[in-house]
Structure formats: structure tokens, C-alpha cells
Amino acid sequence: MKICLSIETSCDDTSIALVDSSGWVHGMVSANQDLQHAPFGGIVPEVAGRNHLENILPLIETLFEKTKINGVTVTSENLEGVAVTNRPGLMGSLIVGIVTAKTLAQAWQKKLIGVNHLEGHILAPFLRDSSYQPHFDWQQPFLALAISGGHTSIYSVQGLGHYEVMGNTLDDAAGEAFDKFGKMLGLGFPGGVKVDHLSRTGDPQKFDFPRSMIKENNFMMSFSGLKASAQRLIESLSSEDIQRYQADLCASFQEAVVDVLLAKLQRAVLQTGIRHVVITGGVSANSRLRQRSLEWAKINKVEMLIPPLRFCTDNAAMIGYAGVLRLERGEVDDLSLAPSPQSYLKDFQGKGR
Ligand code: KG4
Ligand code: ZN
């Protein structure tokens, strides 16, 4: 069984994992930077890069100290290679992970492999550990709805590296919309999870938010109209009413996002006939989306996989899995591996690219 050390630093989470080619996560440690970015109301790239630099080596040391396979501590001897996210992401953040990965790979004489962060999210539902097992595997066509702070896409997946982009957001990502809405309500950063929590006691029908492009016969999405409409509504309310209706505002906003995501996913299932579906990325942690998509899957006889929260949000395990599968296939990068703010053209096929 091949094991990979993996490094994820594309945005604001520093994460390190040891994963094998069955997707088994032997260990993972992560450092979240929410507290450092909260005073600025969003992610500050320079702050993210500096924090990665402080976090990365202690995290790698901790991971090796605490990970045991069959009771034996893992060392570099056990590794097939080092996988690292090299695209897409914040340049200053990616560089920290890449330089670390190159240094370790060279010092240990191990293979190096650069991984697309979004490929990681697509494969994340197929990771496994002592408390999570996927109920189908990725060696068959499946649809992936990947929703995060920077991306919102529907992919038709035909195998490793065969990702057709069926649809994308034309403007804001769903997570970005959640965060900006949270900011409008003064909930702080990141807003998504706070909107989710407040929604639990709110009325999702209280306010009528737009569901842009929901009826259009394609897989494209747009969340900027929703954001503008929320801004107008909040500006029209008194601060007492904003406070009084906070939960209803959150629930109604969240319902609009979930309606659009599920409508587009349903369209993709109907058009392709593919009945294996995964939902992944930070926004798949949303409790209403999880609940409604599982209900929808049951009614529509769709096999649905939504990973546990630790594999939904940014994590190195998903990068390690993609990396080790690619190494197993004979792919390898050299020390010229560079960061890229965008995906490579070859990473994805399809009209929605
Ligand atoms: O995948 P991810 O961890 O990082 C990116 O690659 O962007 O996704 C982060 C996004 C943020 O916008 C965050 O607000 C959102 O996921 N998010 C949520 C929830 N948890 C995280 N959005 C809605 N409900 C949640 N429970
Ligand atoms: Zn992500």
C-alpha cells in the first residue's frame, strides 16, 4: 500500500496528512486561521501566507509524532512521495506548501506530485477513516457538486483526471455569498457557518429571495443577484428589525442558495442519467443542504455521498488521495513545479470551464 505525505496551503487552512492509495487517512493535522482573518472581515493573502509559514513545520512534526501504522511510528521511509496543492489558490499561500514539499521530497529522495485543489474536493467523499466509509467508490461515473468559498461547480466525473465541468457560477461562489451575507448582518468572518446555525431557528419562507437562473435549462448558477437583493432588504430594515428577524433572514437566504444548488444538481442527474452523486467543498458542511439533499436523493433513488465535515472543508487528506493515485499511475513532478492561481487548461474538460 503506497502512502503519501500531503500538504494543503491553497487558502487559509494549513493542513498535513498521511493517506494511502485506498483513501485511508492514517493521520491528519490542520491549523485554522479564522481568528487571524476575522478582524479584517475576510481572508488577507499576506496574513495567510505568513501564518502558513509559522504553522507548517510544527504541524508536520506533530503528524509524524502521532501517526502510527500497526503500532509503529511512520517515518519518511514509509513514504511513496509528497503531494502538494499547487493550483488554484492564493500565490503566497501556495508557495509555502510547494517549497516545503519540494524540500522534503529532495531531502528524503521521494517523488513529488502537484495536485489541483478542486480535484482534491472531488475525491474527498471517497476518503475513509475509522469513523467514515463511503458506500460507493469513484471507479464509476458520478456527478460532483463542489461548493466552496472560491468555487461552485457541477462536474461529471468519468475517472481519475476526467472531470467535465457541466456548470459553474457566473459570479460569486456559494460560500462567498454566505460569507458576504453574514458580513452584512454583522456576524463576523467566516459567515457561512454562523448563517447555518442561526437558520436553525428561522423561517425559510419569511423573506422571498431571488433564485437566479433556477429555471434556465443549463447548469450555470449566479449568486450576485441574491447578494444584491439581500443588501437592499437589509438596508430597508431598521436595526431592531434586523435583530428581530436575524434567524428568518438567514434561513430564507440559505433556502434560496440550497434551492438553486439542488435544482441544478437535479437537472444534471436527469440529463446525464448518472445516479451516483457527491456533494463536497466547505459549503457541503451546511446542515440544511445536507438534510435536503439526502431527502432528495432518497426520493429520487440517487446514491448520495456527502463526506463528514473534516473532509468537506479544506484538508490535506483529499490532496494526498489525489496525489497518491496519480503517483500510482506513474505521474510525477520535478523541482520546477510552480504555483498557479488558476487551474491548468488540461485539468478540466467541458463547456462550463
Ligand atoms: O472548501 P473550503 O473550506 O475553502 C475553499 O476552498 O474556499 O470552503 C470554505 C467556505 C466558506 O465560504 C465558508 O463560509 C463555507 O465554506 N462554509 C459554510 C459552512 N461551513 C463552511 N457555508 C454554509 N454553511 C456552513 N455550515
Ligand atoms: Zn477548498
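Here are two short exercises on the pockets of this predicted model.

**Exercise 1.** Work out what volume the largest pocket has, which residues sit closest to its centre, and which elements build its lining.

*Solution.*
- Start with the volume: the largest pocket comes out at about 1300 Å³.
- Next, go to the middle. The lining counts 45 residues, and those closest to the centre are Asp12, Gly149, Asp179, Pro190 and Gly282.
- Now map the lining onto secondary structure. One strand, β3 (25-31), gives at least two residues, and so do the helices α4 (117-123), α5 (174-184), α6 (191-199) and α11 (309-312).
- Pick out the top contributor: α5 provides the largest share, with 6 residues.
- Finish with the chemistry. Sort the lining by class and you get 20 polar, 14 nonpolar and 11 charged residues.

**Exercise 2.** Do the same for the second largest pocket: find its volume, the residues nearest its centre, and the classes in its lining.

*Solution.*
- Volume again to begin with: about 330 Å³ for the second largest pocket.
- Then the residues. There are 17 in the lining, and Leu118, His151, Asn168, Ser343 and Phe348 lie nearest the centre.
- On to the elements: β9 (152-159) and β10 (162-168) are the ones that give two or more residues to this lining. Of the contributions, β9 makes the biggest, with 3 residues.
- Last, the classes. The lining of the second largest pocket holds 8 nonpolar and 8 polar residues, plus 1 charged residue.

How values were computed
Residues numbered from 1 in each chain as written. Chains lettered and ligands numbered in written order. Predicted model: local features only at pLDDT ≥ 70, side-chain atom pairs only at ≥ 80, totals over all residues. Heavy atoms only, no water. 1 Å grid on protein atoms, 1.4 Å probe; cavity = no way out; pocket = protein on both sides within 12 Å on 5 of 7 lines; lining within 4 Å. Points joined across faces, edges and corners; volume = space filled by probe spheres on them. Helix = DSSP H or I, 4+ residues; strand = E, 2+ residues; numbered from the N terminus. Nonpolar A, V, L, I, M, F, W, Y, C, P; charged D, E, K, R; others polar.
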